[in-house]
Amino acid sequence: MPIHRNLALLISRPRFVAAVAVLAFAVVLASNLILKMDRGFDFTDEAFYLMLAQRPAEYDLVLGLFSYAIRPLYLLAGESVSAFNRLGAVILAGLGVSLGWAVVTRLKLSWRDPDAILIAGTALLAPFLYYTYWLPTPSYNWLVLVAGWMLALGLVLLESLPVVSAFTAAFAIAVALFTRPPNVMAYGAIYLVGVLCAFPGNRARLVQLGHTILFGLCFLVVLAASLPLGTMLNQINGYFVVFGGSHPNPFSMRDQQTEFLRDGWVWWASGGLLLVCMFARCSGRTVIARWGELIALFAIVLLGLSLLRRAFDPGNCHVLSVLGGGGFAMLSIACRRGISLKWIALLALIGLIPWAATLGSAGRVCFQVALFPGLSLMVLVVATALVLPRSFGLTLACFVGVYLVYRATAAGLTSPYRLATPIMLQTLPTRIGPDSTLKLDERTRQFIHTLQSDVASHGFCLGDLAIDLSGEVPGAVFAIGGRMPVFPWIFAGYPSSHRLASEYLRMVGPERLRRAWLILGTGGHALKKEEWEGLGLDFASRALIDNLTHPVDGSVVELYAPLVERPPC
């Protein structure tokens with residue numbers, strides 16, 4: 001007995017040191033990323049989110065309702081872009097810590113236990129996988145992620161705190177309502193299956209679902225009382241007028257999933273292996289369970305070795321394969337270790353959330369799922385804690401997880417989405433819009449300064465109408481403090497772009513168009529001047545005041561001023 005105690009103490013001390021190191025690294029990396037969220041400005045997606053958060057009710061059509069959900073955060077941040085970005089990151093970190101707390105409580109671990117410290121540190125950092133492309137501004141994908149972490153928290157609390165679980169799940173669905181319909185349906189289905197797995201009797205299941213529905217109805221009443229429903233319905237109608245019932249970027253969900261089945265086959269195969277192992281456990285087929293455990297162990301070793309020889313690319317499903325596939329494989333081993341099947345099933349459902357988060361998106365699944373594998377990391381960590389409690393196995397799993405978070409965020413900082421230079425070179429404070437200052441690179445800073453100087457010298461006032469006709473720099477309107485009518489982005493390069501351009505001119509009307517400043521681009525996907533003239537836009541009634549250089553692709557950006565009498569600002 002003394003030898004066993006001494007051996008346990010000998011192992012515990014280095015594990016405690018390693019756990020504290022993981023927690024310290026998580027805090028330092030998360031803090032460093034949050035501090036850097038005042039750097040960089042994307043003229044397309046990020047500007048689109050910001051302009052929608054500024055004035056969600058002023059537009060004539062919408063592409064989703066997420067702007068109404070992120071506007072309160074934008075106002076809470078004082079309409080500062082950097083504070084808005086940081087607030088979004090802090091919320092994600094808080095959700096991660098909340099899920100970590102729920103798991104530690106569910107496993108009945110002391111907070112001084114190295115396993116608890118490892119789980120807490122990893123949970124803090126896991127949501128930051130979202131920043132793999134460095135688009136830090138809260139958006140519809142951010143809302144999908146927030147709803148996903150809340151749903152995961154609701155699943156973990158199902159057995160221990162069912163009323164809190166119902167409240168959390170209802171809140172998650174309410175948040176998801178502002179994203180995409182497939183996300184709402186998928187999240188609702190996951191929670192329904194979780195309730196069926198967690199409770200043995202139909203009465204308990206109905207009570208839990210009743211609580212969830214009741215909380216959901218309360219949230220709907222609050223939303224209905226606080227949102228401009230008439231305006232929203234008009235905006236939705238405006239969408240149907242322009243795009244009909246289709247997505248602006250047509251896609252086939254069947255083709256998406258077929259491609260994902262091919263490229264993300266490790267994730268699918270690991271999930272299938274888990275189902276087999278759960279079936280073997282339920283039916284008492286020990287031979288199948290034994291073989292399943294061996295296959296799962298082999299898969300985990302291969303996934304771990306793949307980290308040593310493969311270049312990091314967030315868009316190729318490798319991160320999901322390692323974290324999601326590894327988590328499912330570890331749960332397959334847990335089926336042979338006497339772990340509660342209910343607990344295994346709930347963790348497996350959490351492992352489905354990253355995939356469910358991509359449903360309804362027009363992009364490739366592997367490209368989209370790179371935003372959401374933080375929950376897959378948590379499943380891997382918790383499953384390892386179940387299979388290998390108080391061992392270096394959990395330490396290794398956490399080290400792998402934080403290493404992948406580091407690699408993912410480093411990729412975002414080095415190759416940020418549609419920025420001219422890496423984040424480390426974005427160091428020059430620049431005024432953006434009416435109330436924000438961001439650190440930018442020299443080219444982007446010069447572009448914005450020139451824009452602001454040009455419009456100011458020709459009588460532009462904050463809040464004046466301005467339209468980006470190119471579809472490539474809607475952020476220029478935000479940068480000068482302008483207001484883009486009808487819709488904040490005329491998408492370029494899509495099959496629906498010309499239809500949107502035509503309907504845009506019709507909806508903006510001659511009076512607003514006569515007073516609007518125009519920005520025209522010459523980039524590869526930009527709508528050309530001849531195309532706009534073919535749609536009836538008259539450039540003769542305005543003056544070309546400058547030709548600027550796009551800071552990212554070097555194309556020419558033309559700035560036109562309206563030839564109308566303007567009162568002083």
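A disulfide here is a pair of cysteine sulfur atoms within 2.5 Å. The model is predicted: local features need pLDDT of at least 70, side-chain atom pairs count only at pLDDT 80 or more, and totals for chains, interfaces and linings use all residues. Residues are numbered from 1 along each chain as its sequence is written, and side-chain values use heavy atoms, with hydrogens and water left out.

**Disulfides**

Select Cys317 and Cys366. A disulfide joins them, S to S 1.9 Å, and the link is left-handed, with -95 degrees about the S-S bond. Cys317 sits in the loop between helix H13 (286–309) and helix H14 (318–334), and Cys366 in helix H16 (residues 365–369), so the pair ties together parts that are 49 residues apart in sequence. Helices (H or I, at least four residues) and strands (E, at least two) are DSSP runs, numbered from the N terminus. Both cysteines, 317 and 366, are buried; buried means under 20% relative accessible area, exposed over 50%, and partly exposed in between (1.4 Å probe, protein chains only).

Next select Cys461 and Cys569, which form a disulfide with sulfur atoms 1.9 Å apart. This pair links the loop between H19 and E3 to the segment after E6, 108 residues apart. Cys461 is buried, at 12% relative accessible area, whereas Cys569 is exposed, at 73%.

Then show Cys197, which is in no disulfide; the nearest cysteine sulfur, that of Cys282, is 9.8 Å away.

**The hairpin**

Move to residues 428–432 and 436–440. Strands E1 and E2 run antiparallel and are joined by five bridges; two strands pair if DSSP finds at least two bridges between them. Thr430 has Leu438 as its bridge partner in E2. Three residues lie between the strands of this hairpin, and Gly433 in the turn has a positive phi of about 65 degrees. Show the side chains of E2: Ser436, Leu438 and Leu440 point to one face and are buried, while Thr437 and Lys439 point to the other and are not.

**The sheet**

Now select E3, E4, E5 and E6. The four strands form an open sheet in the order E3-E4-E6-E5, with mixed pairing. E3 (466–468) and E5 (542–549) stand at the edges with a single partner strand each, so one side of each is left without a neighbour in the sheet. E5 and E6 (residues 556–562) run antiparallel, joined by seven bridges; the partner of Asp546 in E6 is Leu559.

Finally, add helix H19 (residues 442–457), which lies across E4, E5 and E6 and runs at about 165 degrees to E5. Axes are lines fitted to C-alpha atoms, for helices over the stretch in contact (heavy atoms within 4.5 Å), and angles run from 0 to 180 degrees between N-to-C directions.
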